[in-house]
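User: I want the reasoning behind the labels on this model. Please set each value against its cut-off.

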Amino acid sequence: MRTFQKLVIYMLLGIGAGNLLNLIFSMAYGEFSPGKPIFIESFSSVNTAVLVETIVFAILGLLQGLASNIFQSKLNDNIRITFIAHYCLILLPLVLAGYYLKWFSSFTAFLSMILLASIIYVVIGVVKYFSIRKSIREINEKLLNYKIGRAVQ
């Protein structure tokens, strides 16, 4: 049951993030659109287009959420390779979803999305690194204090 709950949460996060980004881009362009007009027009109705888009967002959220499992894998203990693999597992579904949803009107738009996603990935990675480093220091201090306390007794 716990796994099912995680999968649902990943899908809901994907739907939420996708719709939030649609809203942000709509605000930037001055008029609301539930998706790229070229994608919406490729369907017989707006409702069908939005349903398909929502399913794509759910799948994207699911795949990107599952990508975090690579950090629990014991197959590779090289952190650089693990981060590169994770980056690819995050970026590939994003590029495929973007292609299907017609996000890229030009090669420049495609490269801009790759660059923006990469910058966001690096920023999150650096913040996560320092957070983990701080936790390790705190654990080491507690262990050292425990060890010193045991030695005094």
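User: How do you know that the length of H4 fits a helix?

Analyst: H4 covers residues 79–100, 22 in number, and reaches 32 Å from its first C-alpha to its last. The expected span is 1.5 Å times one less than the number of residues. For H4 that gives 32 Å, and the model is close to it. The helix label itself comes from DSSP: helices are runs of H or I of at least four residues, strands are runs of E of at least two, and both are numbered from the N terminus.

User: What kind of model is this, and which limits apply to its features?

Analyst: It is a predicted model: local features need pLDDT of at least 70 and side-chain atom pairs count only at pLDDT 80 or more, while totals for chains, interfaces and linings use all residues. Residues are numbered from 1 along each chain as its sequence is written, and side-chain values use heavy atoms, leaving out hydrogens and water.

User: Why is histidine 86 called buried?

Analyst: Its relative accessible area is 11%. Buried means under 20%, exposed means over 50%, and partly exposed lies in between (1.4 Å probe, protein chains only). So histidine 86 counts as buried. This residue sits in H4. Its contacts (heavy atoms within 4.5 Å) are Ala67, Ser68, Ile70, Phe71 and Tyr121, not counting residues up to four places away in sequence.

User: What makes leucine 92 exposed?

Analyst: Leucine 92 is also placed in H4. Its value is 53%, so it passes the exposed cut-off. The C-alpha atoms of leucine 92 and phenylalanine 57 are separated by 14 Å, with their positions 35 residues apart along the chain. Other H4 residues are buried, including Ile90, Leu91 and Leu94.

User: Why would a helix show one face and hide another?

Analyst: An α-helix has 3.6 residues a turn, so residues three or four places apart point the same way.

User: What makes the largest nonpolar core a core, and which residues have the most contacts inside it?

Analyst: A nonpolar core is a set of buried Ala, Val, Leu, Ile, Met, Phe, Trp, Tyr and Cys residues joined through side-chain atoms within 4.5 Å. The largest one here has 15 residues, and Leu91, Leu94 and Met113 have the most contacts inside it. H2 (37–40), H3 (46–66), H4 and H5 each supply at least two of its residues. Leucine 91 is in contact with Ile114 and Ala117, leaving aside neighbours within four places in sequence.

User: Why is lysine 102 called partly exposed?

Analyst: Its value is 33%, so lysine 102 falls between the buried and exposed limits. It is found in the loop between H4 and H5 (107–152). Its backbone stands out too: phi is near 60°, a positive value in a residue other than glycine. Most residues other than glycine have a negative phi.

User: How do you know that H1 has the length of a helix?

Analyst: Its 28 residues should span 40 Å, and the end C-alpha atoms are 41 Å apart, so the two agree. Tyr10, Gly14, Gly18, Asn22 and Ser26 are its buried residues. H3 is part of what covers them. After H1 comes glycine 30, with a positive phi near 90°.

User: What makes methionine 27 exposed, and which surface feature includes it?

Analyst: Methionine 27 lies in H1 (residues 2–29). At 63% it is over the limit, so it counts as exposed. It joins Leu20, Leu21, Leu23, Ile24, Phe25, Tyr29 and Phe32 in a nonpolar surface patch, with about 930 Å² of accessible area together. Areas come from the Shrake-Rupley method with a 1.4 Å probe, and for residues only the protein chains shown count as cover. Patch members have over 30% relative accessible area and no salt bridge; nonpolar side chains (Val, Leu, Ile, Met, Phe, Trp, Tyr) are joined within 5 Å, like charges within 9 Å. A salt bridge puts a side-chain nitrogen of Lys or Arg within 4 Å of a carboxyl oxygen of Asp or Glu.

User: Why is glutamate 53 called buried?

Analyst: Its relative accessible area is 2%, so glutamate 53 meets the buried cut-off. It lies in H3. It touches Asn22, Pro34, Gly35, Phe39 and Leu101, not counting residues up to four places away in sequence. The buried residues of H3 pack against H1, H2 and H4.
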